[in-house]
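User: I would like to learn to read a protein model step by step. Please answer my questions with the reasoning behind each answer.

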Amino acid sequence: MKILVTTDFSVNSKAGLRFAISLSKLRKAELIFLHSYFLPKPTTWSDATYSDYEKIEKLKLLNRLNQFVTAVYKAMKVPSGKIKCVLEQCLTPESGIMNYAETNAIDYICMSTRGAGRISKFFGTTAGNLITMSQVPVVAIPQNYKTKNITHILYASDLKNYKQELKKVIEFAKPFKASIEVFHFAYPGEPFMDKNLLEVYLKKQFKHNITLHLENTDLTKALAANLQKAIASVKQSIVIMFSEQRRTFFQKIFLSSASESIAFDAKVPMLVFNKTV
């Protein structure tokens, strides 16, 4: 397994590094630390002049990246071993991250996020853009998150492809030996299945500790509010969701109410898979 860990050298980005380092010990994963950058070329410069400038700047950035990552390992009192650091030049950070991830067989992208804010602010961030566009699953770690033992995983589902999705959720959950809490928020008029029968089926089919929660959606509130309440009830958790591009379950959660244009105020890690992959 390969995990791509991104950083912009900020203090906020350290949360993502700490989580990835802890996860790598459980999954025996290879960590690749990436900084995406862009160096504009002055119009008066020749190609040769710019090439020399780029080489110097890349070396500076690579040294800075190595030092930054090494300092995080040292603060965690974890042996760093051989650190793999890479740079990707692209016009926007998210484009550089996705380019590298999709051409290097990366399994997960792990990064910190500032989290809460208005929707326009959240979806204008690198984390927000990656979540809505990346073909590679994204693990978003709140900037103030302190790495801890994960005992529960909250899987928010529309129950359309839950069998295929649960396989991915369980694969992620197993190293933590974490239970899985499946939450489905039903809209008015949606056929309600028998909760107990489905829960028994899931436990038998997947041989994992799975609890099913079927909740009615209050249309007077944003669906995000319902999900935030569910997250608060599941301690020491990771939230896992599956998103499609365009009109998606993810967008329904955040765009379901014009009166509450509040994005996900995450206090726990969030893993988002692309539903179409």
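User: Which residue in β3 stands opposite H35?

Analyst: This is a predicted model, in which local features need pLDDT of at least 70 and side-chain atom pairs count only at pLDDT 80 or more, while totals for chains, interfaces and linings use all residues. Residues are numbered from 1 along each chain as its sequence is written, and side-chain values use heavy atoms, without hydrogens and water. Strands (DSSP runs of E, at least two residues) and helices (runs of H or I, at least four) are numbered from the N terminus, and two strands pair if DSSP finds at least two bridges between them. Strand β2 (residues 30-37) runs parallel to β3 and is joined to it by six bridges; opposite H35 stands L87.

User: Through which element does the chain cross from β2 to β3, and what is the hand of this crossover?

Analyst: A crossover is right-handed if, with the strands pointing away from the viewer, the path from the first strand over the helix to the second runs clockwise. Here the chain leaves β2, passes through α2 and arrives at β3. The element is therefore α2, and the hand of this β-α-β crossover is right-handed.

User: Which strands stand at the edges of the sheet?

Analyst: Strands of a sheet pair through backbone hydrogen bonds, either parallel or antiparallel. In this model, ten strands form an open sheet of mixed pairing, in the order β3-β2-β1-β4-β5-β10-β9-β6-β7-β8. An edge strand has a single partner, so one side of it is left without a neighbour in the sheet; this holds for β3 (84-89) and β8 (210-216).

User: What is the bridge partner of L154 in β7?

Analyst: Strand β6 (residues 152-156) and strand β7 (residues 179-186) pair in the parallel sense. Five bridges join β6 and β7. In β7, the partner of L154 is E181.

User: What angle does the direction of α6 make with that of β6?

Analyst: Axes are lines fitted to C-alpha atoms, for helices over the stretch in contact, and angles run from 0 to 180 degrees between N-to-C directions. Contact means heavy atoms within 4.5 Å. Helix α6 packs on the sheet, touching β4, β6, β7, β8, β9 and β10. Its direction and that of β6 make an angle of about 155°.

User: How do Y108 and F172 pair, tilted or edge-to-face?

Analyst: A pair of aromatic rings is described by the distance of the centres and the angle of the planes. Rings of Phe, Tyr and Trp (its six-membered ring) pair if their centres lie within 6.5 Å; planes under 30 degrees apart count as stacked, over 60 as edge-to-face and the rest as tilted. The centres of Y108 and F172 are 5.6 Å apart, with 70° between the planes. The pair is therefore edge-to-face.

User: How many residues apart in sequence are the parts that this pair ties together?

Analyst: Y108 lies in strand β4 (residues 108-113). F172 belongs to helix α6 (residues 162-173). The pair therefore ties together parts whose separation in sequence is 64 residues.

User: What is the relative accessible area of F172?

Analyst: Buried means under 20% relative accessible area, exposed over 50% and partly exposed in between (1.4 Å probe, protein chains only). F172 touches L23, R27, Y108, I153, I238, I240 and L271, leaving aside neighbours within four places in sequence. F172 counts as buried, because its relative accessible area is 1%.

User: How many residues has the largest nonpolar core?

Analyst: A nonpolar core is a set of buried Ala, Val, Leu, Ile, Met, Phe, Trp, Tyr and Cys residues joined through side-chain atoms within 4.5 Å. In the largest core, the residues with the most contacts include F33, F172 and I240. Helix α2 gives the largest share of this core, seven residues. The number of residues in the core is 55.

User: Is A105 buried or exposed?

Analyst: A105 is found in the loop between α3 (93-103) and β4. Most residues other than glycine have a negative phi, and most peptide bonds are trans. The phi of A105, however, has a positive value, near 50°. With a relative accessible area of 59%, A105 is exposed.
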